[in-house]
Amino acid sequence: MMVTVENLTKRYRKTLAVDKLSMEIPEGEIYGFVGANGAGKTTTMRIIAGLLAPTSGKVFVEGIDVSKEPLKVKEHLGYMPDFFGVYDDLKVTEYMSFYGGLQGIYGARSDELTDSLLELVKLTDKKEAYVDSLSRGMKQRLCLARSLIHDPKFLILDEPASGLDPRARVEMREILKELRTMGKTVLISSHILTELSELCTSIGIIDDGRLVASGSVSQILEKMTHSGMIRIKVLERQDEAVKILLEMPEVSEVSSVSDILEVKIKGREELFAKVLKELVDKDIPVVSFHPEEGSLESVFMQLTERGTENEN
Amino acid sequence: MRINPILKKDLKTKLRGWRTMVLLCCYILLLSAILFLYFAGNNMLVPYSSTAYSPRMAVDAYNLLIVFQFALLFLAVPAITATSITSERERQTLDLMLVTKTSSVRIVFGKVMVSIAHTMLLLIASMPVLGVVFFFGGVNFADIAKLLLFYVITSFFVASCGVFCSTLFKRNIVAIITTYILLGIITFGPFIVLLISVYVKELVLRNVGFNPTYGDFLKPLFPSSIFGFTSFYYSGSSMYGYGYSLWGSVCQEIESQIARETGILRFFKPWIVNSVFNIVGSILLILLSAAKLNPVRRKK
């Protein structure tokens with residue numbers, strides 16, 4: 001296992017930022033960390049990176065305890081925060097060589113790695129440019145290259161696409177795909193769930209400091225194949241159908257859009273059958289019964305609304 | 001040889017621009033102007049005047065220059081170092097350094113080294129100006145070498161204080177002010193302690209005939225760099241003699257007390273004692289700064 005997090009808790013005075021969070025990231029996995037602002041993603045990532053002490057709990061990277069041997073862990077770990085962190089008065093190559101030096105890489109080896117990484121992030125033609133002359137997307141790519149200078153096995157990327165224009169996002173996504181083929185284990189956080197579902201092999205959903213769902217993308221979608229919304233078409237007696245549905249405790253909301261009833265269910269798939277049975281038992285002529293397809297986006301919305309169930 | 005990457009980066013970025021060179025030129029010009037005005041103002045450059053080319057006057061000019069440099073060291077070094085960590089925080093680059101395998105001790109040491117490198121640059125650049133006094137004689141070359149060593153050790157301590165305050169506070173201005181206050185307490189505080197102890201012994205305890213020894217001076221004053229600096233101030237060879245200024249009297253008192261010492265304390269010259277304190281103090285401050293910076297110990 002590349003990363004093991006055990007009962008991680010982080011408390012800032014009265015605020016509980018991370019609450020007994022446990023997760024595992026196998027080697028080679030691209031793990032998407034999803035959560036609303038303030039859910040505890042960055043705090044968790046900073047603790048894994050050894051930049052913050054947890055209140056309680058343990059984090060292991062490649063079996064090494066982060067709190068006991070932080071420097072050893074840092075040899076295996078690359079970290080890209082959700083801000084640039086660049087020195088404007090340095091040239092691109094000098095910036096890379098500075099961080100190479102901090103990672104114990106000097107001279108020809110540093111130059112060689114800088115060249116290959118700048119090629120990976122498509123900044124070769126900006127080698128001699130000053131960092132402050134780069135665009136936002138370029139700076140973001142340079143930061144990614146910096147986090148790779150010591151060839152880490154595990155990468156932590158906190159919102160790598162935030163604030164980027166669509167073209168820069170696509171470029172960043174392509175680079176991340178390249179990292180996947182290189183066999184890196186990546187923990188990536190983002191709000192752009194559609195991008196994560198394309199890129200990630202696993203997903204963890206965090207809400208109020210708790211991991212409310214974790215597993216492979218397909219597993220999560222399988223477990224939550226519905227968005228909680230059913231579209232029902234009845235041939236006649238629509239008003240009566242609405243009344244029956246509203247009397248059911250499982251139904252939270254019913255609205256009619258032309259001849260279609262949109263029914264919101266509070267619960268899981270098993271309840272769908274119950275709703276259908278109730279309508280059929282009351283002789284309502286149901287002509288179509290269509291649960292809305294779940295998407296990662298809707299899963300996220302449901303889980304963070306409920307915020308209780310752990311799918312682990 | 002592998003240079004500390006922090007030192008290498010800071011030197012590269014700071015020395016690349018025109019600003020450092022302009023500042024350096026201004027500094028040399030200022031030193032030269034002080035020297036020239038002193039010589040001219042005392043008729044030293046007028047042939048056949050009573051002070052013309054007098055070694056004693058040259059010694060006074062030398063004293064003036066080294067006091068200026070000493071004061072500058074205490075003013076400039078904190079300004080560089082007290083912002084060394086806070087500015088990394090503001091630029092959001094501190095985490096990026098701490099996430100590398102470079103230890104926090106090495107990061108702090110790198111920041112201290114940057115300041116020492118700047119001090120060295122200023123000192124070496126000022127050598128030709130100080131060298132002018134050699135034309136007149138009266139100043140010992142070995143003393144200048146020792147003075148340089150003392151300046152480097154003192155700047156090591158001052159820089160360590162600056163970096164320490166920089167790790168404690170988040171804002172540049174708070175870190176700078178605290179550094180000056182801390183240095184003020186360490187530098188002038190011992191003299192206040194000495195005055196109080198003398199007052200207590202002479203007046204309150206009615207210790208009639210109290211005759212302080214070098215040891216009485218040494219104990220409370222050793223942390224003060226001003227005390228260490230007295231070793232380099234040529235009070236005895238001054239044109240105006242010992243009693244000309246309070247400062248000259250203090251230096252003379254310390255000198256005469258050392259001369260009277262016969263025990264082991266006679267080897268404990270002010271600059272040596274103070275340098276030992278500065279080295280030990282610097283190491284402690286660097287370790288404390290590194291502990292404060294250590295992310296695993298940080299709670300926020």
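A crossing of two helices is left-handed if the near helix is turned anticlockwise from the far one by less than a right angle, and right-handed if clockwise. In the predicted model examined here, helix α7 (residues 141-168) of chain B passes α12(B) in a left-handed crossing. The axes of α7(B) and helix α12 (residues 270-293) of chain B lie 8 Å apart and are inclined at about 25 degrees, which makes α7(B) roughly parallel to α12(B).

Helix α8 (residues 172-204) of chain B takes part in two further packings. With helix α9 (residues 214-221) of chain B, α8(B) encloses an angle of about 135 degrees at an axis separation of 8 Å, and α8(B) and α9(B) are therefore oblique to each other. The passage of α8(B) across α9(B) is right-handed, and in this packing Pro190(B), Phe191(B), Val193(B), Leu194(B) and Lys201(B) of α8(B) meet Asp216(B), Phe217(B), Pro220(B) and Leu221(B) of α9(B).

The other packing involves helix α3 (residues 55-81) of chain B, whose axis comes within 10 Å of that of α8(B), the two crossing at roughly 140 degrees. This crossing of α3(B) and α8(B) is likewise right-handed, and the contact is formed by Phe74(B), Leu75(B), Pro78(B) and Ala79(B) on the α3(B) side and by Thr179(B), Tyr180(B), Leu183(B) and Thr187(B) on the α8(B) side.

A nonpolar patch on the surface is formed by Ile192(B), Ile196(B), Tyr199(B), Val200(B), Leu203(B) and Val204(B), which together present about 560 Å² of accessible area; of these residues, Ile196(B) is found in α8(B).

Note on methods: Residues are numbered from 1 along each chain as its sequence is written. Chains are lettered from A and ligands numbered from 1 in the order in which they are written. This is a predicted model: local features need pLDDT of at least 70, side-chain atom pairs count only at pLDDT 80 or more; totals for chains, interfaces and linings use all residues. Side-chain values use heavy atoms; hydrogens and water are left out. Patches are made of residues with over 30% relative accessible area and no salt bridge: like charges are joined within 9 Å, nonpolar side chains (Val, Leu, Ile, Met, Phe, Trp, Tyr) within 5 Å. Accessible areas come from the Shrake-Rupley method with a 1.4 Å probe; for residues, only the protein chains shown count as cover. A salt bridge is a side-chain nitrogen of Lys or Arg within 4 Å of a carboxyl oxygen of Asp or Glu. Helices (H or I, at least four residues) and strands (E, at least two) are DSSP runs, numbered from the N terminus. Axes are lines fitted to C-alpha atoms, for helices over the stretch in contact, and angles run from 0 to 180 degrees between N-to-C directions. Angles under 35 degrees count as roughly parallel, over 145 as roughly antiparallel, 65 to 115 as roughly perpendicular and the rest as oblique. Contact means heavy atoms within 4.5 Å.
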